Each structure stands twice: as C-alpha cells, then as structure tokens.
Amino acid sequence: MRVNVTVNGVAHSVDHVWALESLLDFLRERVGLRGTKNACEQGECGSCSVYVDGVLVCSCLVAAVQVEGRSVVTVEGLDSGGGMHPVQQAFLDAGAVQCGFCTPGMVVAAHCLLADNPDPDDLTVREELSGNLCRCTGYQKILDAVHLAAERTGAAP
Amino acid sequence: MLRPSSWRGAMLLRSQYPDASPICGGTDLMVDINFGRARPATLLDLTSVEDIDSWELIDDGRTVRIGAGMSYTRIIDELSGLCPALAQAARTIGSPQIRNRGTVAGNLATASPAGDSHPVLLACWAQVEAESVRGLRLIDIDDFFVGPKRSALEPDELIRAVRVPAATGPQQFAKVGPRNAMVIATVSFALNLDTATPRVGTGIGSAGPTPLRARAAEQMLQDSLDDRWDAPGSVDEDVGRQFGALVAEAASPIDDVRGSAEYRRHALAVLGRRCLSWALQDLGEGEVAA
C-alpha cells in the first residue's frame, strides 16, 4: 500500500509498504534515512527515537501505515539548515559518544527534553532519558552533554 | 489497512474484518509483530478516530471517563488530581517514548497479569466501556480479566473508554522491579481509601494468572477503620502487618524469570504495609484529592 508522509519537512509518497512494517524499517529502508538505529525492536532501547507530529516515540513501535498524513522528524532533521544542532555539537564536545549506536536516539530524546525543559536538573535528565540505553559510556558524559547543550541554548537570545 | 476516522466507522470495520488487529499506541502489538509472534491479516488503526483521546467527568463529576486513545503521558499531566493512583502507575510505565504512545485501553485489551494500570483499576472499581455494532456494555473490572492475556471482550468489540471513579481519599500504587524504567512489574499493588462510601479497594499485579483483588485485606481494613475514618491515628500498628499478610495471601504467584513465588509473596506483604502507611498518613493530613 501507499504511505504519504512528511519526513524532515520533505513530502514522501512511498508505494508497496508492507501492512505490518514498522516506521523504523520504513525510514531506514524506504526513505533511506539510516541515522535512526535498529537495535531491540521492542521499545526497550530508544535508539530508534523520532518525533511523530512533535511527539517523541520509538519508531519500532509505530506501524508505518499509522503515519499516513503525519509529520516525522528524525535525527537528520533536527537542524533545519542541514548542519549540526546544538545538542549534536554538545554530544561531540562532551565526548558523549563511544560506539555511537545509541547516539542518534539519545540526541533526539535530549532534543525533546530540552524543548520542554530548557534547564533540567540531573534527576530530570535521567528520567527523560530513561528509555534510551547506552552500553558504553556509563551515561555520565551523556548527562554532561545535555547540560552543556542546555547552557549553550539557554545562553542564546 | 483500515483507518476509520469515526467511532461508528471503527465498530463497523471491527465487525466486518474480525481478523484485523486493533492498534493504537502499538507498544504491545508492534513488539509481537516485530518478533514474528503476531501476523494479523491487517491493522485496524484507531489513532485517527475522533474524540477518543480525551477525558471527561460524568455522573455529576464523580467518575472520570478516559477515552481509549488517551496516552499515559496525558494521564500523568491531566489526571494526577482526579485519579492519583492511576497517574502514579502511569509514571512507572516504560519510558517517555512508551508513555507518549501507550494507553490504558491497550493495557486492558492485552490483559497481561502484569499490566501496570490493572491493580489501580481494580482498587478503584473501574468499568470498561466495550462497544460493538450490537451495542455498548459496561464491564465491571472484576469481571474483565478471565485468564492470562484473556479478557471478557467479545471478538467484535472495541474498548471505547474506561470509567474510573474520581478519588475521594488517599490512593497509592507501588511496584517492584529491577530498575526505575522499562520494567515489567515483578509485583505491584494499588490501594484506594474511598472515604465517601466509605470502603477500601485493592489490586494486585504480576502475582497470579490475572490481576487480583485482595478481598480479605479490604474487609479487614474496612472493619478496623470502621467509624474511625476521620481519625486514622487510632488505627493499631498491627493492622499494617495484618493487612500486608492478607494481601500476600490473596496472591497466587508463580516462579518465573522476574522473581520467585516466595519473593513475590514477601514483596506484596511489604508493598501492602507501605501503601497502607502512606495512605493513612495522607488521610491524617487531610490530603484528599479534590
């Protein structure tokens, strides 16, 4: 079947979508956006986090056909200019990346957190990123990155 | 792919396509699909149905009617005053991503003994609105769970809403698991002190083939509060221990990967006692929901 959806501001009309296909597979295999990672396929790890109509979700738990007519934003679309969003830059600068597999999901979830709460305390960051697993860093650098991003974006007028 | 925009349309499609799987948040169904455990012929997507993603007060403000499409995130944001234990349970569910999609109606339709909202719905004597082209019926929560992952829903029915009596007194929910997020409960417990009737409601999760009510514990606490609901300070300290023991007795847990039956019984006795002491403290301090 056909799915019409806006991804990162671009309208897509994709044919031959499998009725039970996940939004995650749809984004990676049909739209060609591989930033959204596939790890657990059961909503445990958050590495496939994207926005659907502005709401943070695990794309593995959304059926592609459910986004008909909706708007999806992936990690590739966080900076509308196509460059580096301040959250992405902060992850780089804080060294919050080791193997990097969880990073796109972490960045999208951190982006969502900071949009709602520009100056979160540590407990809030831990709670809001509780759906994103990292098996390398021990999370401290990720917390540092979120606070760094908060500082920088808060400092901007 | 079936994508009704109205509730009437959803019911018609449900009866015409019995092999279609209803889907809303997808947090249960998509896992089964991704792992090859479910291969529904098609999906009946309820996310575009109008007017099912909100709540309203009915029965002169005494009952909260929660639409089938309302996410846990919105329950936390909007109903922590009217349905405090349900909001508490919702906070323990999954992660922000899961709470943004998951719904109480989906929790009910899956009918897992470990469903986090179920103990609260039992403790609050909730009712489930089940509707089909044949009509609407109200299912008392005590009649809803009929076995592990089996409910009283008929094949042509959809859950339209859940009716939860608004809190009149303290409510508590507690859950045991290995971490604070993304946990299927090892055991869970909910307590509702309904000061209006007055009566005591309980619910046990993850400790039996279905969510359970601890009837003997309810009766014991009700007898012991008797005419002293306004002065809970006079409740004997032993009551907490007895209450916890009766909660544990009401369970019929098994040994599985999440915990042993013995551990589950022990943990339930602790949760029962703790929830009661928190609730009595709230009662003493007059912290009664509006």
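How many Å separate the centres of domain 1 of chain B and domain 2 of chain B? I looked this up before anything else, and the separation is 35 Å, taken over C-alpha atoms. Domain 1 covers residues 1-45 of chain B, and domain 2 covers 171-283.

**Entry 1: what kind of model this is**

I remind myself that this is a predicted model. I noted its scores: ipTM is 0.96 and pTM is 0.95. For chain B, I found a mean pLDDT of 95, with 97% of the residues reaching 70 or more.

**Entry 2: chain B as a whole**

I went through the elements of chain B and listed 11 helices and 12 strands. Next I checked the radius of gyration, which is 19 Å; the globule rule gives 19 Å for 290 residues, so chain B is as compact as a globular protein of that length. I also looked at the box that the C-alpha atoms of chain B fill, and along the principal axes it is roughly 60 × 45 × 30 Å.

How much of chain B counts as buried? I read 51% of its 290 residues. Then I turned to the contacts in chain B with a separation of 6 or more, and 65% of them come from residues 24 or more positions apart.

**Entry 3: the sheet of five strands in chain B**

I traced an open sheet whose 5 strands come in the order β3-β4-β9-β5-β6, with antiparallel pairing. Which strands stand at the edges? They are β3 (55-58) and β6 of chain B; each has a single partner strand, so one side of each is left without a neighbour in the sheet. From one strand to the next, the twist averages 25°.

A reminder for myself: strands of a sheet pair through backbone hydrogen bonds, and the pairing can be parallel or antiparallel.

At one end of the order, I followed β3(B) to β4(B) (residues 63-67), where 4 bridges join the two antiparallel strands. One pair I marked here is W55(B) with its bridge partner I66(B) in β4(B).

At the other end, I found β5(B) (residues 127-132) and β6(B) paired in the antiparallel sense over 6 bridges. Q127(B) stands opposite D140(B) in β6(B). The link between β5(B) and β6(B) is a hairpin through 2 residues. I then asked myself why strand β6(B), residues 135-140, lies largely in the open. Of its 6 residues, the number buried is 0, so that is where the description comes from.

**Entry 4: the sheet of three strands in chain B**

I moved on to another open sheet of chain B, in which 3 strands follow the order β10-β11-β12 with antiparallel pairing. Its edge strands are β10 (171-176) and β12 (199-205), each of which pairs on one side only. On average, neighbouring strands here are turned by 10° against each other, direction ignored.

I zoomed in on β11(B), residues 187-194, and found 7 bridges joining it to the antiparallel β12(B). Among the residues involved is L193(B), whose bridge partner in β12(B) is V200(B).

Which helix lies across these strands? I found α11 of chain B, residues 261-284, across β10, β11 and β12, and it runs at about 30° to β11(B).

**Entry 5: strand β1 of chain A**

Over in chain A, I picked strand β1, residues 3-7. In a regular strand, the side chains alternate between the two faces of the sheet. In β1(A), I saw V3(A), V5(A) and V7(A) on the covered face, while N4(A) and T6(A) make up the uncovered one.

I then looked for the partners of β1(A). With β2(A), residues 10-14, it pairs in the antiparallel sense over 5 bridges, and V5(A) stands opposite H12(A). These two strands form a hairpin with 2 residues between them, and N8(A) in the turn has a positive phi of about 50°.

With β5(A), residues 71-73, β1(A) runs parallel, joined by 2 bridges. Here V7(A) has V72(A) as its bridge partner.

**Entry 6: where the chains touch**

I finished with the contact between the chains, which takes 23 residues from chain B and 24 residues from chain A. On the side of chain B, the elements that give two or more residues are α2 (29-34), β2 (42-45) and α5 (96-101). Which of them gives the largest share? I read α5(B), with 5 residues.

Note on methods:
Residues numbered from 1 in each chain as written. Chains lettered and ligands numbered in written order. Predicted model: local features only at pLDDT ≥ 70, side-chain atom pairs only at ≥ 80, totals over all residues. Rg over C-alpha atoms; globule rule 2.2 N^0.38 Å. Buried ≥ 20, exposed ≤ 12 C-beta atoms within 10 Å, placed from the backbone. Contact = placed C-beta atoms within 7 Å. Pairing = 2+ DSSP bridges. Axes fitted to C-alpha atoms, helices over the stretch in contact; angles between N-to-C directions. Domains from an automatic or database assignment. pLDDT = per-residue confidence, 0-100.
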